[in-house]
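Trainee: Could you take me through one part of this protein in detail? I would like to look closely at the salt bridges and where their partners sit.

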Amino acid sequence: MTGEWSLNASDGELLLATGVQGRAARMGHRLTIAMTRWHATVSWAGSEPATVELVVETDSLEVLRGEGGVKGLSAPEKALVRSNALKSLDASRFPEIRFVTRAVDKTGDGYRLNGELTVRGKTRDHVIELRTEDLGDAWRMSTESTVRQTDYGIKPYSLLMGSLQVADDVALSFTATHAKDA
């Protein structure tokens with residue numbers, strides 16, 4: 001197979017999960033956030049992927065839910081969380097989050113994507129272990145990865161003089177399905 005695959009949010013989902021820490025952590029919400037506008041391109045060399053690039057629109061962040069806390073997360077609170085997150089990411093100055101591979105290596109259950117992740121204008125090495133599953137007429141791809149906010153110059157959001165903080169590590173999960181003949 002040669003050519004290129006193109007994937008976007010209609011093919012799957014890109015979710016972020018945050019934790020809480022600090023003395024008042026029980027008051028905070030563990031958030032599930034969707035990045036609703038993203039585009040991935042996979043270039044092929046023969047039957048193997050050669051390069052992968054993922055571009056996420058920073059302002060596509062949507063707060064889906066908050067677990068824990070004293071009470072549920074209301075719509076206005078979700079809007080405030082979104083606003084605070086976009087400020088932390090400096091979305092107006094850095095409208096894209098980007099991952100670009102340097103090397104794609106076959107593994108037992110998929111591929112190891114060695115590349116660079118750029119968040120908030122700062123680029124760091126990042127490795128993604130991508131699992132692939134043959135569904136017959138399509139391929140399912142999935143991964144989980146952790147990104148540390150402070151590695152990219154992001155100060156985790158905090159309240160109550162730091163006694164309630166968003167955890168530094170953010171868990172990312174990605175799943176997508178692509179038809180074999182597409």
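Mentor: Happy to; here is the overall setting, followed by the salt bridges and then one residue in a strand.

Please keep in mind that this is a predicted model. The protein contains 14 strands and one helix. Its radius of gyration is 18 Å, close to the 16 Å that the globule rule gives for 182 residues, so the protein is as compact as a globular protein of that length. The C-alpha trace spans about 55 × 30 × 30 Å along the principal axes. Of the 182 residues, 41% are buried. If you take the contacts with a separation of 6 or more, 59% of them are between residues 24 or more positions apart. The accessible surface amounts to about 10,000 Å², and carbon and sulfur atoms account for 52% of it.

Now to the charges. The protein carries 22 positive and 25 negative side chains, and the centres of these two sets are 10 Å apart. With a cut-off of 4 Å between a side-chain nitrogen of Lys or Arg and a carboxyl oxygen of Asp or Glu, the count of salt bridges is 14. Let us go through three of them, one by one.

Start with E57 and R37, whose side chains form a salt bridge at 2.6 Å, N to O. This pair links distant parts of the chain: E57 belongs to strand β6 (residues 48-57), while R37 is in the loop between β4 (29-35) and β5 (38-45), and the two are 20 residues apart. How accessible are these partners? E57 has a relative accessibility of 36% and counts as partly exposed. R37, at 35%, also counts as partly exposed.

Strand β6 comes up again in the next pair, R98 and E53, where the salt bridge has an N to O distance of 2.3 Å. R98 is in strand β8 (residues 96-107) and E53 is in strand β6, so this bridge ties together parts of the protein that are 45 residues apart in sequence. R98 is partly exposed, with a relative accessible area of 29%, and E53 is partly exposed with 29% as well.

The third pair is R112 and E129, with their side chains meeting in a salt bridge at 2.6 Å, N to O. Because R112 lies in strand β9 (residues 110-119) and E129 in strand β10 (residues 122-134), this pair ties together parts that are 17 residues apart in sequence. The relative accessibility of R112 is 33%, which makes R112 partly exposed. E129 counts as partly exposed too, at 36%.

There is one more point about the partners from the start of our tour. R37, E57 and D59 are joined into one network by salt bridges that share partners. When you have the structure in view, you can pick out these three residues together.

To finish, here is a residue in a strand we have already mentioned, β4. T32 lies in that strand. Is T32 buried or exposed? The threshold for buried is under 20% relative accessible area, and T32, at 11% relative accessibility, counts as buried. Which residues does T32 touch, once its neighbours within four places in sequence are left aside? The contacts of T32 are then L16, E62, V63, L64 and R65.

Definitions and conventions: Residues numbered from 1 in each chain as written. Predicted model: local features only at pLDDT ≥ 70, side-chain atom pairs only at ≥ 80, totals over all residues. Heavy atoms only, no water. Helix = DSSP H or I, 4+ residues; strand = E, 2+ residues; numbered from the N terminus. Rg over C-alpha atoms; globule rule 2.2 N^0.38 Å. Buried < 20%, exposed > 50% of the residue type's maximum accessible area, 1.4 Å probe, protein only. Contact = heavy atoms within 4.5 Å. Areas by Shrake-Rupley, 256 points an atom, 1.4 Å probe, with all protein chains shown as cover. Lys, Arg positive; Asp, Glu negative; His and termini not counted. Charge placed at Lys NZ, Arg CZ, Asp CG, Glu CD.
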